[in-house]
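Here are a few short exercises to work through with the model open beside you. Try each one before reading its solution.

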Amino acid sequence: MTGFASLGLDIGSTTVKAVVLDGATILHAAYRRHNADVRGELSTLLAEIAERFPGRRFRTAVTGSAGLTIAELLGADFV
């Protein structure tokens, strides 16, 4: 795969959710409880996405009650 895909992250008080889109087509979706280890679970999830889509670049946006800091760390938009 080449080009950009969209990566949406929703980081809440108890869960981390991710969706990878190519246009309107869902390529990958994940829902995880983070058990108060937001960064650890997000790191694992992003590593899995990177492994599944090697070389793919993403336009990323982050939502959720715990998402602002993560968006800043990733250099992504916070919605």
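The exercises below concern a predicted model and go from the overall fold to its charged side chains.

**Exercise 1.** Work out in which pattern the helices and strands follow one another along the chain.

*Solution.* Start by counting: the chain has two helices and five strands. Then read along the sequence, which gives β-β-β-α-β-α-β.

**Exercise 2.** Compare the radius of gyration of the chain with that of a compact globule.

*Solution.* For 79 residues, the compact-globule value is near 12 Å. The chain has 12 Å, so the two agree. To round off the picture, the C-alpha trace spans about 35 × 20 × 20 Å along its principal axes, and 30% of the residues count as buried.

**Exercise 3.** Find what the salt bridge between Asp22 and Arg56 ties together, and classify both residues as buried, partly exposed or exposed.

*Solution.* First, the distance: the closest N and O atoms of Asp22 and Arg56 are 3.8 Å apart. Next, the location: Asp22 sits in strand E2 and Arg56 in the loop between helix H1 and strand E4, so the bridge links parts 34 residues apart in sequence. Last, the accessibility: Asp22, at 40%, is partly exposed, whereas Arg56, at 9%, is buried.

**Exercise 4.** Identify the residues that shared salt-bridge partners join into one network.

*Solution.* Take Arg32 and Glu41, which form a salt bridge at 3.0 Å, N to O. Then add Glu48, whose salt bridge with Arg32 has its closest N and O atoms 2.4 Å apart. This second pair connects helix H1 with strand E3. Together, Arg32, Glu41 and Glu48 make one network.

Methods: Residues numbered from 1 in each chain as written. Predicted model: local features only at pLDDT ≥ 70, side-chain atom pairs only at ≥ 80, totals over all residues. Heavy atoms only, no water. Helix = DSSP H or I, 4+ residues; strand = E, 2+ residues; numbered from the N terminus. Rg over C-alpha atoms; globule rule 2.2 N^0.38 Å. Buried < 20%, exposed > 50% of the residue type's maximum accessible area, 1.4 Å probe, protein only. Salt bridge = Lys/Arg side-chain N within 4 Å of Asp/Glu carboxyl O.
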